[in-house]
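Let's take a walk through this structure, stopping at a few helices, one strand residue and some enclosed spaces. Have the 3D view open and follow along.

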Amino acid sequence: MGIFEPFRAIGYITSTVPSSVQRLGTETFVTVSVGKAWQIYNCAKLNLVLVGPQLPKKIRALASYRDYTFAAYGNDIAVFKRAHQVATWSRHNAKVNLLLLFGEQILSVDVDGNMFIWTFKGIQQNLAPVGHVMLEDKFSPSCIMHPDTYLNKVILGSEEGSLQLWNISTKKMLYEFKGWKSSICCCVSSPALDVIAVGCADGTIRVHNIRYDEEIVRFSHSTRGAVTSLSFSTDGQPLLASGGSSGVISIWNLEKRRLQSVIREAHDNSIISLHFFANEPVLMSSSADNSIKMWIFDTSDGDPRLLRFRSGHCAPPLCISFYANGRHILSAGQDRAFRLFSVIQDQQSRELSQRHVTKRAKKLRVKEKEIKLKPVIAFDFVSEIRERDWCNVVTCHMDTAQAYVWRLQNFVLGEHILKPCPENQTPVKACTISACGNFAVLGTAGGWIERFNLQSGISRGSYVDLSERSCAHVGEVVGVACDSTNTLMISAGYHGDIKVWDFKGRALKSRWEIGCAVVKIVYHRSNGLLATATDDFVIRLFDVVALRMVRKFEGHIDRVTDLCFSEDGKWLLTSSMDGTLRIWDVILARQIDAIHVDVSVTALSLSPNMDVLATTHVDQNGVYLWVNQTMFSGSSNIDSYASGKEVVNVKLPSVSSTEGSHKDSENPVLNPIQFKDDFQNPHLQEKTPDLVTLSLLPKSQWQGLINLDIIKIRNKPIEPPKKAEKAPFFLPSVPTLSGQIVFEPSDISSEKKIAEGDNSENRRSDLPHSQFLQLLQSSAEKKSFSAFTNYIKSLSPSTLDVELRMLQIIDDDNEQGPDTRPDLFPIELLLDYFIHETSCRNNFEFIQAVIRLFLKIHGETIRRQSNLQDKAKELLEVQHAVWQRVDKLFQSSRCMITFLSNSQF
């Protein structure tokens, strides 16, 4: 176990598995795969509805039916009802590639040609398949479909190019279509009977009549690649949509038998699935570029336009950073996209606009990728204080001699382009923004450092070291940083030279050599420490003011990829290509925790509140979130979570955030039961001296005890009470508080007549004790009143008032003690209970309300009994002592607030 526990992954929309679409009522839902988990989106706004748990292997096929979701992974098929796995079908001996919903059955086909038939009614009692079909040896199934109105029949397409029609009821092949000497990638049924469309690997689409085995029409893609998905329109328009491996969507007119329109830049990768909504001119497409898009056919020329979409990075992110108090994450990827991810609501995630990329690409007849800016390699921002005034983000791009600014308020590229050193243009490698948000400092590969005004985009001078041939550094500038008061500017060169400049005057103040090449630097403005990562895998911390090294951390055995400080400056987090993420305590100068993941961390960022850590990894398109256990658990002791010098193996966070993440290793991992025991540890529940603990009950509950009389008067009915319904005269009944009729057994009614002669005092003592008295007595015997406290906290104010009034003494003139009068004993126990709870300072406001109600009812009885008076005096002393300590703290706080309010700074 480590300080950071895997939480969940964000930025994953879909993968290379075809989606499953179903309509429930008036809404349409699509189920997509995201690696080892699956997600369900509501197509009305493409908002995330449900996330399934993580499976042991990657999902290979999906199917859905109402609340059920079927996911094939490896040789098994998992069955889920909502998000809970209810069964696992394990009969295949090879990888399952295809799933088909067939009425109330599921057909599964593996790579060896085995087709099993499963039923999911009564699934928990029967996990065996109801049928099995073995396909021919030279038939490798690649797709499966059910032609409409063909009872118990399916068509299977093969990689060899042939199709077969099977009856799954008789388990016999009815007919084989010879095919077209090209591998079949997809097939789909049309609204017209006996007609299907088949997509081939050679880029051809064949609309075929399976009844007569005749080809109706043939289309060919103009771009190279296979036809990966097909869909027929069902809203009355004779349209067929086809998607290819190049990311192009083609719309074919079946009546005119020609191409109607082409969406050339529909996706950046292969189209995985297409689906026309029932009776709607809307087409949904999903692609391997991690996106889902919806297109609507409502233009005058019949061409589709983009209606809505959800997308993430289609290439691994290069650098990330938390923004807006930890609610959002800025992420730059190798796909040339600059994105803003929401940690709280996924539907708020978006890509920052690069100003009319699609329109410019169409005008110049080039791909959008060629128009977009090159991948971001470094960026910096200032908090939200400047986003309303001017651009507050600056980015450096790969092999680009200028930097770009962004306005995050409008999620758009800014109007200024920052071009340092126009005479000798070299790629910009480092950037930073001053704490005030007015200036941006850029460092180039040629050693040039220049300062710009963000509001106007005008250069405000360069930093030149006269001993370095009219530049700041010899060689590439690895990093630049500014302090919190715009007094100092720190820069680092690739060859290991660190320089400190006067920010305003741009003069060199001091410099020192590290002795090896610098990879990355990070500066913490609050404590003035500069952390450097070098190519010898050592982390060094320098005091910029004292100009000396103060810490040196060793432990990584491969290139350091990223490092960041915590907001308070006490922790330094580093990641390396050796797969480890290490946490260093800056004050204690030691490693306090280390975790190892299978996929190396490429970038990391810790939220300003230090509650969430975000990481990116090699060849992973998502952003992974980890939670700080010290923020969300009962223990504030870091040593109870940290592993120290040991490295703990941990799995990456899953999309669903519900699965355990630790691997089986020699290091023991605490189970949830041990966590529970930690929370119940008395040491963890110790209260701060002189403070009290509140009950956390609603304010109305304990205030209702105080004002119960007023509430009863206010709620007094205006109409006179109606006469209660009488039971038949021959059925004796028992009166109840609720007014309901409870019939009295015959033996009890006969005993009642005998008992009428007894006096009232004896009859009262013979009645059984209520649960209120039973819990009070048992708690007093155990000297632990927690159970009794929980019981009275669960009672309503009126019920608790009735329980206390039932203890009321009728004849108070008798001054006998509790030993001779048993009815005084519960009152004495209640006084002991109040003394105990008040001295322990538990449930303070609730106990005060109960004491007030108790004294209001039994105050006169306590006044007449001398032994009860002693108990009341003891309660008064305890109450006075506890309140004096709390009131003293209140008074100190009031004085401090008054002093600060009247002071002028």
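Start with helix H14, where the buried residues are Leu868, Leu875, Val878, Val882 and Val886. What do they pack against? Look for H12 and for helix H13, which covers residues 844–864. H14 itself runs over residues 866–902, and its 37 residues should span 54 Å at 1.5 Å a residue; the end C-alpha atoms sit 52 Å apart, so the helix agrees with that expectation.

Before going further, a word on what you're looking at: this is a predicted model. The protein chain holds 14 helices and 59 strands. Of its 905 residues, 50% are buried. As for how the chain meets itself, take the contacts between residues at least 6 apart in sequence: 46% of those join residues at least 24 apart.

Now step back along the chain to helix H9, residues 771–782. This one has 12 residues, and the distance from its first C-alpha to its last is 16 Å, close to the 16 Å expected at 1.5 Å a residue. Phe772, Leu773, Leu775, Leu776 and Ser779 are its buried residues. Look down the axis of H9 and you'll find those buried residues within an arc of 165°, so they line one face of the helix. Turn to the face pointing away from that buried side and you meet Glu781 and Lys782, both exposed.

Which helices help cover the buried residues of H9? The cover includes helix H10 (786–794), helix H11 (797–805) and helix H12 (825–840). H12 should ring a bell, as the buried residues of H14 pack against H12 too. Just after H9 comes Lys783, which has a positive phi, near 60°.

For a strand, try S11, residues 105–110, and pick out Leu107. Is Leu107 buried or exposed? Its relative accessibility is 0%, so Leu107 counts as buried. Setting aside neighbours within four places in sequence, Leu107 is in contact with Leu98, Leu99, Leu100, Phe102, Met115, Phe116, Ile117, Ile144, Val154 and Ile168. You can also check Leu107 against Gly131: the two are 24 residues apart in sequence, and their C-alpha atoms are 9.4 Å apart in space.

Last stop, the empty spaces. Rolling a probe the size of a water molecule over the atoms shows where such space is left. How many cavities of 30 Å³ or more turn up? The count is three.

The largest cavity has about 40 Å³ of space. Around it you'll find Ser19, Val30, Val32, Ser273, Leu274, His275, Met284, Ser285, Ser286 and Ile292. Strand S3 (27–34), strand S26 (271–276) and strand S27 (282–287) each give at least two residues to this lining. By class, the lining of the largest cavity splits into five nonpolar and five polar residues, with no charged ones.

The second largest cavity also comes out at about 40 Å³. Its lining is made of Arg336, Ala337, Phe338, Gln354, Leu373, Lys374, Pro375, Val376, His397 and Trp406. Here the classes are six nonpolar, two polar and two charged residues.

Terms used:
Residues are numbered from 1 along each chain as its sequence is written. This is a predicted model: local features need pLDDT of at least 70, side-chain atom pairs count only at pLDDT 80 or more; totals for chains, interfaces and linings use all residues. Side-chain values use heavy atoms; hydrogens and water are left out. Helices (H or I, at least four residues) and strands (E, at least two) are DSSP runs, numbered from the N terminus. The expected span of a helix is 1.5 Å times one less than its number of residues. Buried means under 20% relative accessible area, exposed over 50%, partly exposed in between (1.4 Å probe, protein chains only). The arc is that of the directions from the helix axis to the C-beta atoms. Contact means heavy atoms within 4.5 Å. On a 1 Å grid over the protein atoms alone, a cavity is a set of points where a 1.4 Å probe fits but cannot get out, and a pocket is an open set with protein on both sides within 12 Å along at least five of seven lines; lining residues have an atom within 4 Å of a point. Grid points are joined across faces, edges and corners, and a volume is the space filled by probe spheres set on the points. Ala, Val, Leu, Ile, Met, Phe, Trp, Tyr, Cys and Pro count as nonpolar, Asp, Glu, Lys and Arg as charged, and the others, Gly among them, as polar.
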